[in-house]
Each structure stands twice: as structure tokens, then as C-alpha cells.
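Here are some friendly notes to read alongside the structure. Take them in order, and keep the viewer open as you go.

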Amino acid sequence: MMNKSEKTALLQSAGATKEIEGRSLWRDARIRLFRNKAAVGSMIILGIITLLAIIAPLLSPYAYDQIDWGYIQEGPNWENGHIFGTDGNGRDLFVRVLYGARVSLAVGLLATAVSLIIGVTYGAIAGYFGGKIDSIMMRFVDVLYSLPFMFFVIMLMVVFGRNIFLIFVALGAVEWLTMARIVRGQTLSLRRREFIEAAHATGVSNFKIIFRHVIPNVLGPVIVYMTLTIPQVILTESFLSFLGLGVQEPLTSWGVLISEGAKVIEASTWMLIYPAVFLALTLFCFNFIGDGLRDALDPKDR
Amino acid sequence: MTVMTAPDKRDNAPILSVRDLKVHFPIPGKGLFAKDRPLKAVDGVNFDLFPGETLGVVGESGCGKSTLGRAILQLIAPSGGQVAWLGKNIVGIPHRDMQPLRRDFQIIFQDPLACLNPRMTIGEIIAEPLVTHKPELGKDEIKTRVKRMMARVGLLPQMINRYPHEFSGGQCQRIGIARAMILEPKLIVCDEPVSALDVSIQAQIVNLLQELQREFDLSLIFISHDLSIVRHICHRIMVLYLGNVMELADRDSIYAAPRHPYTKALISAVPIPDPEIERNKERIVLTGDLPSPLSPPSGCVFRTRCPFAQEKCATDVPKIDRVSETQEVACHFHDNI
């Protein structure tokens with residue numbers, strides 16, 4: 001026990017002493033993540049790919065839709081500047097791969113962001129309130145789950161026409177379902193935790209409890225799932241493009257390029273190899289980062 | 001630490017009156033069309049709590065102590081009865097009317113770490129009630145108050161930016177107390193606040209609670225199964241068994257002359273730190289376990305384990321009898337045993 005004078009001394013020193021910085025769970029996780037070599041390497045590679053995609057127009061004298069009549073479907077050649085070769089229409093493949101990266105990464109990130117916002121909010125609300133609200137909300141998710149995805153996308157395309165924005169919406173609209181389920185499950189287990197009860201007892205509103213107490217604590221698994229969703233979305237977009245439902249010419253994505261390359265695999269292998277390498281590399285990187293994050297955020301889980 | 005004497009506040013109006021409080025949880029019946037069966041966690045509890053008083057709630061695991069505490073705070077909706085706060089019933093009132101009342105009562109939990117959000121700094125945790133109920137205060141004012149309260153409960157104020165996992169159990173419990181105290185409430189329900197701590201820390205926390213109680217004229221409902229601590233801190237003690245009150249009395253009466261056989265058994269189980277006395281004392285050992293609250297015994301709920309049970313106990317539910325000014329017992333034969 002402290003005596004009175006010690007206490008007053010403490011009180012007086014309250015303002016004077018410098019505050020000690022705490023080490024949050026997020027910071028711990030970050031430190032663990034940066035110790036993971038595979039994850040750090042992946043982040044560097046992804047950073048480079050992203051940077052290349054952003055500054056693509058500066059890297060080559062050719063535009064992505066510019067036809068070079070002298071070199072149609074020619075192999076890689078450093079002397080004329082077509083370092084990845086050209087495609088069947090004489091367009092520079094290097095620039096097209098980087099423009100494809102723009103589309104693929106944007107689809108991946110945006111669709112995941114859409115799924116994140118809808119899924120986390122929806123799942124947290126369903127899990128937090130529980131009971132009838134939960135049942136109704138989750139049955140709705142089950143119904144959406146049972147819709148065949150391809151059918152859904154084709155319908156969207158037929159009704160609204162082919163549009164890159166629609167792909168974001170379609171992919172986001174499908175991916176949030178799993179996110180909602182994950183978040184709901186996590187929230188259900190959090191709901192009975194004592195710090196939530198303490199917030200209740202204090203009179204914090206439900207809305208604030210969800211956003212201040214529930215969501216920050218479910219974010220761990222959510223982030224991991226998110227990094228694994230991005231490659232999934234990129235892959236799905238590639239698949240849609242491969243089927244001819246994706247982006248429209250002359251804009252391109254990795255899926256479109258791979259699809260074109262696959263048709264001429266015997267005559268001009270480079271048209272398949274370069275976009276495929278970029279796609280595979282990106283997917284690998286996201287998966288490594290996802291694994292690294294999972295280990296970093298949940299050290300007990302290893 | 002001196003043992004406190006009970007404040008003589010019977011003349012005052014009670015701060016909290018609980019009348020016939022019931023919490024029944026519906027348990028789905030077996031079979032497709034079976035009816036739900038009620039699990040009677042708390043079944044008709046009555047008591048008054050006066051300002052500045054500590055009421056101990058004791059009983060074995062599963063007797064409804066925690067449920068009672070939460071039902072009083074309306075964290076679990078009671079299925080019947082009344083809880084009157086300063087004379088006004090708060091059972092079943094709309095959420096909107098309940099929120100402003102919450103600044104007056106708080107809760108302290110058993111598990112010190114689990115009751116703190118691991119993603120928030122302790123400054124944010126302690127400030128949360130202030131931010132919720134007094135949003136008009138500026139950031140600096142809130143911070144000053146949080147630091148003052150941290151110092152008051154024995155935490156270093158410069159720790160304000162640390163996270164719960166950086167503290168020990170006792171310190172976490174101090175954080176929990178600071179959060180409960182920051183709005184200067186009138187009632188705190190302490191749900192086994194020290195049972196997760198080791199003994200030296202228990203004493204510190206209990207003494208801290210007593211100091212705060214004196215300073216702020218706080219009423220406490222102290223839920224515990226540790227009879228020594230209850231004896232140290234409580235003015236009155238309520239013994240619960242299977243959601244029913246067995247005995248409610250002043251601390252001194254209940255330890256000196258327990259009237260209910262269950263209370264006698266509980267008190268005889270408290271070890272006395274003197275081997276001579278301990279060896280020779282009369283020990284009432286109860287056999288069996290707590291019956292299922294889904295199918296409580298008929299009549300007196302304690303009869304299945306009561307060494308004095310007679311036929312009447314199986315048929316009639318004992319009424320609460322006032323045996324003296326300060327002691328109430330629910331037993332048919334409290335005069336004879």
C-alpha cells in the first residue's frame with residue numbers, strides 16, 4: 001500500500017513525467033512480419049511490379065495500343081525496343097503486360113476493398129446482434145452463395161454491357177460472402193468476451209461497440225483472408241477475360257494476354273510466357289505475404 | 001487495515017431495491033415439439049442496498065451470483081421482478097432511458113485481462129466511459145482526468161499509452177477499477193474481482209476498493225466465493241443457493257451465528273489459521289453436488305443436501321423469516337438447528 005504523501009507525489013509527477021510509449025499488438029505483428037524473409041521479399045517484388053505498372057508509359061517509346069507495322073508478332077528484341085516482343089497486332093508486349101498489371105492489380109485491390117467493406121460490416125452486425133437478425137442475414141448470404149457465379153457475371157454483362165467497372169462490382173459482390181462468414185464467426189466468439197460486456201455496462205452504443213471493439217479484434221484473420229483474396233480475384237478476372245467476359249480491347253489484363261498467348265503457344269511462346277510469369281509471380285507474392293501475416297498476427301497458431 | 005464497521009444507514013432510503021428478481025433462461029426441450037424449459041438462474045431475490053454499503057453475495061459455483069449481478073445492471077434482461085434505482089424501476093425500460101443511468105453503475109470483472117480490449121491503450125480504455133457520457137469534455141481534460149484516476153488507483157500515469165498485455169494481473173485489475181471509477185458512479189458490482197489474483201495482490205485490490213468506497217461514498221455489490229475476503233470487506237452478506245436467497249444478514253451476525261444450515265456449512269469450511277482451533281472445530285460437510293437448476297428440488301431447494309431435512313422441506317417452500325433486526329433466513333427450522 002502507498003501512503004498519502006507518496007500518492008500526492010505521484011499525482012504531482014503525473015503531468016511532469018514523460019509518457020511511455022506502449023507496444024501495440026499491431027506493432028508486435030509488424031515486427032514479426034518483417035522478420036519473415038519470404039514475406040519481405042514478396043513485398044519488395046510486388047512493390048516493383050506495382051511501380052512498373054504505374055510508370056509504364058515512361059519505360060517504353062511505344063503506347064499500349066500503338067501498332068508497329070514493321071514488327072508483327074516478332075520475338076523479344078532489345079534493338080528495336082520491343083523487349084518482350086510484339087503481339088499479333090504488332091503492339092509492344094512489354095507495355096501491354098504492364099498495362100495488364102494495372103488492370104489486374106486494380107481489380108484485385110478494388111474488388112477486395114469492396115468485399116472487405118461490405119463483408120466486415122455485414123458479418124460484424126450479424127454476429128454481434130445474433131438471434132433472428134443473424135439468421136436472416138446469414139440465410140441471405142447462403143442464398144447468394146448458391147447463385148452460380150458465372151451465370152451471375154454473364155447476366156450482369158448482358159444487362160449492363162461489358163464494362164471494367166462491372167467486373168469490380170461482380171467480383172466484390174461475390175467475394176464479400178466468405179468475408180462476411182469469417183467475420184461473423186469471429187464476432188460470435190468475441191461477443192461474450194468481458195471487454196464487450198464492460199463496454200455495454202458503460203453504456204457505449206452498439207454501433208460504437210461494433211466499430212471500436214469488435215472490428216479491430218477481428219481484423220487479424222480478415223487481413224490474412226484479404227491477402228489471399230487478392231490473388232483469387234486476380235485469377236478470377238483472368239479467367240473471365242480468358243472466356244472473353246473481361247476487359248475490352250485495346251485495354252488488356254493478364255488474363256487477356258495469357259488467353260491470346262495460349263492460342264499461339266507454338267508459334268510465339270513469348271506471348272504466353274511473359275504475362276504468365278508476371279501473373280504467377282504476383283500470386284506467389286500475395287500468398288507468401290498472406291502466410292507471413294497469418295504467422296505474424298497469430299503467433300500461437302503456428 | 002482495520003475492519004470496517006457497518007455504516008448505520010438504515011434510516012436513509014436505499015439506493016437500490018431488488019424485489020422478487022427472476023432470471024430464467026429458456027432451454028430448448030428435447031424432441032421436435034417439446035416445450036422450452038426454464039433454467040432458473042435467479043429465482044425471486046429480494047434485497048435493499050444503502051449508500052456507502054457493501055453487500056457480499058456468496059454461494060458456490062453456478063448458484064446464480066454472477067447472473068444476479070448482471071441482471072441488476074440490466075446486462076441480462078430479468079424475466080421478472082423489479083430493480084429500483086433511487087426509487088425508480090429500471091427493469092424493461094427502453095434502451096434510450098437506460099443509457100444515461102449507466103453512468104451511475106459500473107462493473108468490475110473476474111478476469112482482469114479479458115475485460116480490457118487488447119487493441120486499445122489503457123488511456124483509451126479508461127477514458128471510454130468519459131467519452132461516452134461526457135463528450136463535451138475536451139481531449140486534454142479527458143486525459144488529465146484519466147491520469148488523475150490512474151494515479152488514484154496506483155498506476156503510473158505515464159503508462160497511459162501502454163497496452164493491456166504489458167501489465168500484470170493486479171495492474172490490469174487496477175485499470176478495470178479506474179475505468180469503473182472514472183465517472184464516479186454510485187454503485188459498482190464487483191464480480192469476483194480478486195479470485196484470479198494471488199493473495200498478496202488480492203489484499204491490495206480489496207483495500208483499494210475500500211479506500212475508494214470511503215472516498216466516493218460508493219455502494220458495492222461484492223460477488224465472491226472467498227468467505228475470508230467477504231468478511232473483510234462486506235457490511236452485509238447474502239447467501240445464494242440455486243438462485244434463491246438462503247440467508248441475508250449483517251456480517252457480524254452471519255459469522256457469529258449463522259442460522260441457515262447452508263450458511264453454517266459454508267462458514268465451517270473456512271480454514272482458521274490456528275491449527276489447534278482448526279483441528280477441533282466442528283465441520284459440517286455437505287455431500288453431493290448442486291442439483292441442476294433445470295429441475296430444482298421441490299419445496300426448499302437446499303433439502304437434498306441438508307443434514308436436517310424433514311418432510312415439510314419437500315412440500316413447502318420456506319419463506320424468508322426475519323429472525324432479528326439484521327438477519328433474515330429462509331429455513332423452516334432455523335429455530336431448532
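How many residues of chain A are in contact with residues of chain B, and how many of chain B with chain A? Point 1 takes this up, after one reminder: please keep in mind throughout that this is a predicted model.

1. **Where the chains meet.** The contact involves 28 residues of chain A and 34 residues of chain B. On the chain A side, the elements that contribute two or more residues are α1 (4–16), α9 (194–202) and α10 (206–242). Of these, α9(A) supplies the largest share, with eight residues. Sorted by class, the chain A side consists of 13 nonpolar, eight polar and seven charged residues.

2. **The largest nonpolar core.** As general background, nonpolar side chains tend to be buried together in soluble globular proteins. Here the largest nonpolar core counts 99 residues, and the ones with the most contacts inside it are I126(B), A178(B), I221(B) and F222(B). Helix α5 of chain B, residues 169–181, gives the largest share of this core, namely six residues. A second core, separate from that one, has 61 residues, with F84(A), Y128(A), L257(A) and F286(A) among them.

3. **A closer look at I126(B).** Which residues is I126(B) in contact with, once its neighbours within four places in sequence are left aside? They are V146(B), M149(B), M150(B), I175(B), A178(B), R179(B) and I182(B). A178(B) also appears in point 2, as one of the residues with the most contacts inside the largest core.

4. **Two helices side by side in chain B.** Two packed helices are described by the angle between their axes and the distance between the axes. For α5(B) and helix α6 of chain B (residues 199–216), the axes come within 10 Å and cross at roughly 15 degrees. The two helices are therefore roughly parallel to each other, and their crossing is right-handed. From α5(B), the residues G169(B), G170(B), Q173(B), I177(B) and M181(B) meet I201(B), Q204(B), I205(B), L208(B) and L212(B) from α6(B). This contact holds six nonpolar and four polar residues, and no charged residues.

5. **A helix pair in chain A.** α10(A), already met at the contact with chain B, also packs against helix α12 of chain A (residues 270–297), at an angle of about 170 degrees and with the axes 8 Å apart. That angle makes α10(A) roughly antiparallel to α12(A). The crossing of α10(A) with α12(A) is left-handed. Residues of α10(A) in the contact include G220(A), I223(A) and P231(A), while those of α12(A) include F286(A), N287(A) and R294(A). By class, the contact of α10(A) with α12(A) is made up of 13 nonpolar, six polar and one charged residues. You may recognise F286(A) from the second core.

6. **Another pair in chain A, and V95(A).** Helix α5 of chain A (residues 93–129) is the place of V95(A). The axes of α5(A) and helix α8 of chain A (residues 164–191) come within 5 Å and cross at roughly 35 degrees, in a right-handed crossing. The contact of α5(A) with α8(A) divides into 20 nonpolar, seven polar and four charged residues. Is V95(A) buried or exposed? V95(A) has 24 C-beta neighbours inside 10 Å, so V95(A) counts as buried. Not counting residues up to four places away in sequence, V95(A) touches A56(A), S60(A), Y62(A), A63(A) and Y64(A). V95(A) and A53(A) lie 42 residues apart in sequence, with 8.8 Å between their C-alpha atoms.

7. **Two backbone angles to check.** Most residues other than glycine have a negative phi. Q74(B), which is not a glycine, has a positive phi of about 65 degrees. Q74(B) sits in the loop between α1 (65–72) and β4 (80–85) of chain B, and counts as buried because 21 C-beta neighbours lie inside 10 Å. L242(B), also not a glycine, has a positive phi of about 55 degrees. L242(B) is in the loop between β9 (236–241) and β10 (244–250) of chain B, and its 24 C-beta neighbours inside 10 Å are why L242(B) counts as buried.

8. **An exposed residue to finish.** E141(B) belongs to helix α4 of chain B, residues 139–152. E141(B) has 12 C-beta neighbours inside 10 Å and so counts as exposed. The C-alpha atoms of E141(B) and D97(B) are separated by 27 Å, and the two residues are 44 residues apart along the chain.

Definitions and conventions
Residues numbered from 1 in each chain as written. Chains lettered and ligands numbered in written order. Predicted model: local features only at pLDDT ≥ 70, side-chain atom pairs only at ≥ 80, totals over all residues. Core = buried A, V, L, I, M, F, W, Y, C linked by C-beta atoms within 7 Å. Buried ≥ 20, exposed ≤ 12 C-beta atoms within 10 Å, placed from the backbone. Helix = DSSP H or I, 4+ residues; strand = E, 2+ residues; numbered from the N terminus. Contact = placed C-beta atoms within 7 Å. Nonpolar A, V, L, I, M, F, W, Y, C, P; charged D, E, K, R; others polar. Axes fitted to C-alpha atoms, helices over the stretch in contact; angles between N-to-C directions. Parallel < 35°, antiparallel > 145°, perpendicular 65-115°, else oblique. Left-handed = near helix turned anticlockwise from the far one by under 90°.
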